[in-house]
Amino acid sequence: MAKAAGKKTIFFCQNCGHESAKWMGQCPACREWNTFVEEPAAPKTAGKPSARQRGTTAAAPVRIRDVSMEEHSRSQTGISEFDRVLGGGVIPGSLILIGGDPGIGKSTLLLQACRNLAEAGPEVLYISGEESLQQIRMRAERIGEMPDSLLLLCETDLGTIGETIRTRRPAVCVIDSIQTMYSEEIASAPGSVSQVREATAVLLQLAKSLGISIFIVGHVTKDGAVAGPRVLEHMVDTVLYFEGDRHASYRILRAVKNRFGSTNEIGVFEMRGSGLAEVPNPSEYMLSGKPAGASGSVVACSIEGTRPVLLEVQALICRTAFGMPRRTAAGCDYNRVNLLMAVLEKRCGISLSDCDAYVNLAGGIRMNEPAVDLGIVLAIVSSFRNIPVSDKLMVFGEVGLSGEVRAVSQAEQRVQEAKKLGFEAVILPKANLKNCRGIEGIRLLPAENLRGAIAALGQAEK
Ligand code: TYD
Ligand code: MG
């Protein structure tokens, strides 16, 4: 990694874009290993007009109260799960990043959204730097009829793309994958941190000055061969991640940042032979494969954005064959599972230190809300004792270090969701009981601490 003589270079983290003057093994910002690459330093003027071009006259600030409040007219993509994640539709002039693993279905989702947007009348331009026109046409065949106002372009040169957008002025534009775009002004290869940043800066300028909504596709890559979408999260208005198990058919679209709506909102889709289909009731979908009468399986509830989602927590506890117990956590935080097991051991006297523990949120879904704690704990207890938990029971609550079951937000909504899906009993934090007084037709079993919650498992059967 010797510096080329006379040329200034900088080292960038391909994962988060952290800059450094020298190479490092581990990125101090995102803690990823071996992600630093050397790139020529961008000329200072790239992307920004110089002070002389702008002219250095003073600007006139305005009073915040005088700024007009007109609501932007959002255009609907016609895919209601997608619209909800966006905060109610696409705002003109917004820059939206969709990140995800290769092959997860980003291009498919956007092509479907583009078709619906174009059907409503305005021109939509889909720019692909990855696939040929024929390949896109083949995908479109699977999705269905395409309207006349949906235009395709295969191009990777940023200058040409900018000119095309400026002359055609589409209402919506898609850039299928930012990592394939390149600007001639930057010396490094397409997909490098400087290229990806420059391309986004150019697109941002276009979106804001012409009022065009631009969707940017960004691949998440583990090996760091190209810069990940995280390096441009701060530049865009909305960041969505498309995730899910590639081998399972469902996909989750999650809003991580949204200047025009709430974050942590999720949209659930299923990949079918004819493109992505919406899953309007995710709880039903997540619980569809739940085994009846199996120990170690408990239904918990997590609030995702504005919606409660019921999910199945599975635990398998068995005696360890060797000295070192094995623990794994899929879909939830590994350290959290270790902590909850320590609390169980200390506060409830359940000896788990010589047991292997495997905890899994069924269906490959990932949820990190503390309200799922109680579900994890009770699934572990159920598997340890080999006693199944009632199929008609749902549980939620945060577990504290002294074994107390703490209140969580939006308890009433969670209980209502359980009731809607035909559950007959709920174990909930005692402090949340007052929020749920008015709910009829479902038994509420309040628990103050873990011992109380474990005792309530028996009551749920009655
Ligand atoms: P794609 O949108 O190309 O993924 P990305 O742009 O995120 O890389 O989706 C690719 C996968 O989806 C591919 O494995 C094929 C599958 N697929 C279906 O199962 N059904 C369909 O109707 C379509 C269009 C794709
Ligand atoms: Mg693609």
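**Ligand 1, backbone contacts**

I began with the backbone around ligand 1 and noted that a polar backbone atom of Ile 104 is 3.4 Å from an oxygen atom of the ligand. I keep in mind throughout that this is a predicted model. I then looked up Gly 273, where a polar backbone atom is 3.0 Å from an oxygen atom of ligand 1, and Arg 272, where a backbone N or O atom lies 2.7 Å from a nitrogen atom of the ligand. On its own, ligand 1 has 560 Å² of accessible area, and I find that the protein covers 76% of that.

**The shell around ligand 1**

Next I asked which elements give two or more residues to the shell around ligand 1. I found α3 (106-119), α4 (133-143) and β11 (266-272), and I noted that α3 supplies the largest share, three residues. In total 15 residues surround the ligand, and the closest are Gly 103, Ser 107, Thr 108, Arg 272 and Gly 275. I sorted the shell by class and wrote down seven polar, five charged and three nonpolar residues.

**β11 and its partner**

Since β11 had come up in the shell, I followed this strand further. I see that β11 pairs with strand β12 (residues 275-278) in the antiparallel sense, over four bridges, and that a hairpin of two residues joins β11 to β12. For Met 271 I looked up the bridge partner in β12 and found Leu 276.

**Cavity search**

Finally I turned to enclosed space and asked how many cavities of 30 Å³ or more a search of the whole structure finds. The search finds one, and I recorded a volume of about 40 Å³ for the largest cavity. I listed the residues that line this cavity as Arg 74, Leu 86, Gly 89, Val 90, Ile 91, Ser 94, Ile 96, Thr 238, Asn 258 and Phe 260. By class, I counted five nonpolar residues, four polar residues and one charged residue in the lining of the largest cavity.

Conventions: Residues numbered from 1 in each chain as written. Chains lettered and ligands numbered in written order. Predicted model: local features only at pLDDT ≥ 70, side-chain atom pairs only at ≥ 80, totals over all residues. Heavy atoms only, no water. 1 Å grid on protein atoms, 1.4 Å probe; cavity = no way out; pocket = protein on both sides within 12 Å on 5 of 7 lines; lining within 4 Å. Points joined across faces, edges and corners; volume = space filled by probe spheres on them. Nonpolar A, V, L, I, M, F, W, Y, C, P; charged D, E, K, R; others polar. Near = heavy atom within 4 Å. Polar contact = N/O pair within 3.5 Å; in protein donor to acceptor, adjacent residues only side chain to side chain. Areas by Shrake-Rupley, 256 points an atom, 1.4 Å probe, with all protein chains shown as cover. Pairing = 2+ DSSP bridges.
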